[in-house]
Amino acid sequence: MGMRGRISLAIICIILAVSMLAPLITPYDPDAVDLDSLKLPPGATHPFGTDQKGRDIFARVMYGGRISIVVSLAAALISLGVGMLVGLVSGYVGGRFDTGVMAIVDLVLSFPSLLLAIGVSLIMPPGVYTVMFAIAAVSWAAFARLIRGYVLSIKESPYIEAARAIGSSPSRVLFVHLLPQCLPLGLVMMGLKIGGFILIEASLSFLGIGAQPPTASWGSMISAGSDYIVVSPWMVIFPGLAIAVTALCFNIAGDALSQHFGIKKSLDC
C-alpha cells in the first residue's frame, strides 16, 4: 500500500478514535443548551465555536462521527453480506434463476442511489436504523453484480471442477471454495463504497430522515446551521469538513487497497 493509502488509513483511525473517545476528550455535553454562549466564534474555550443553542460544535462533531461513521460501516457490512450471498448463488446456479436475479439487480441499479434511499426512508419512521436500512437496500445490488461476474469467471476453474468431482455439495462449493476467492474483492469494494455511504447518510440526516434532534450527526448539524451560514459560517464549515475529509480518506484507502490486492481491473469491469 502506497503512502497515500497509509496516510488515509491513519486519518481514518484518528477520526474513529476521536469519535469513540469523545467523552474523554471534551468536557462538554453535545446536547447541553447554554443560552449564555449562543453562536460564539471559534476560540480557546470552544475550538469550533458554538451553535444557535450554545452547544459546543467540537463536541457535537466528535459525537456526530459515531452516528455518521457507524451507520455507514454497518450499512456497508449489510450490503456486502446480502450482495455476496446473492452474487454467489446467482452466478453459480446460472440459467433462468441468474437471469431473474440480475433483472432485479438491474432494476435497483437503474435508480439514482440517493433518490431511492430517500424513497425507502420515507416509508419508515425516521432514525438511524432507517438510514442504515435505506443505504443497504439500495447498495447490495452493486455488490451482487460484481460478485456474480467474478463467480462466472472462476466457477469452471479446475479446482472447482475437482471439488465437484469428489462429491462436494453445492453449498460446500459456494462457501468453502468460491467465497474465499470472492471475499477480497467484496471487501475492497466495501472500502470504496463507504465514502459514498457517508455522503448518503449525511444527505438523509440533512433532510431530517436520519438521527433525530438533539442527537448530533454531521448531516443534521449542517441542516441546523444552514440558516446561519452567513453570520456564523463555522456552524456549517466544521461538520462539512468532517464529512469531506472522512469520505475522501475512505475513497483513497479503498483505492489503495484495490491496488494492493491487484484487483483494480476487476472493479473497473
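## Helix crossing, helix bend and loop geometry

Helix 1 crosses helix 3 in a left-handed sense, where left-handed means that the near helix is turned anticlockwise from the far one by less than a right angle, and right-handed that the turn is clockwise. The contact (heavy atoms within 4.5 Å) involves Ile15, Leu16, Val18, Ser19 and Met20 from helix 1, together with Met62, Gly65, Arg66, Ile69 and Val70 from helix 3. Sorted by class, these are seven nonpolar, two polar and one charged residues, with Ala, Val, Leu, Ile, Met, Phe, Trp, Tyr, Cys and Pro taken as nonpolar, Asp, Glu, Lys and Arg as charged, and the others, Gly among them, as polar. The axes of helix 1 (residues 3-20) and helix 3 (residues 57-93) come within 7 Å and cross at roughly 120 degrees; axes are lines fitted to C-alpha atoms, for helices over the stretch in contact, and angles run from 0 to 180 degrees between N-to-C directions.

The model is predicted, with local features requiring pLDDT of at least 70 and side-chain atom pairs counting only at pLDDT 80 or more, while totals for chains, interfaces and linings use all residues. Residues are numbered from 1 along each chain as its sequence is written, and side-chain values use heavy atoms, leaving out hydrogens and water.

The protein chain has eleven helices and zero strands, both being DSSP runs numbered from the N terminus (helices H or I, at least four residues; strands E, at least two). Its C-alpha trace spans about 75 × 45 × 25 Å along the principal axes.

Helix 8 (residues 170-206) spans only 46 Å between its end C-alpha atoms, whereas a straight helix of 37 residues would span 54 Å at 1.5 Å a residue, the expected span being 1.5 Å times one less than the number of residues. Helix 8 also bends by about 55 degrees at Leu179, with Pro180 following within four residues; the bend is the angle between axes fitted to the seven residues ending there and the seven starting there.

Three backbone angles outside the helices are listed below.

| Residue | Place | Angle |
|---|---|---|
| Lys39 | loop between helix 2 and helix 3 | phi near 50 degrees |
| Gly208 | just after helix 8 | phi about 85 degrees |
| Pro214 | loop between helix 8 and helix 9 (218-225) | omega near 5 degrees, cis bond from Pro213 |
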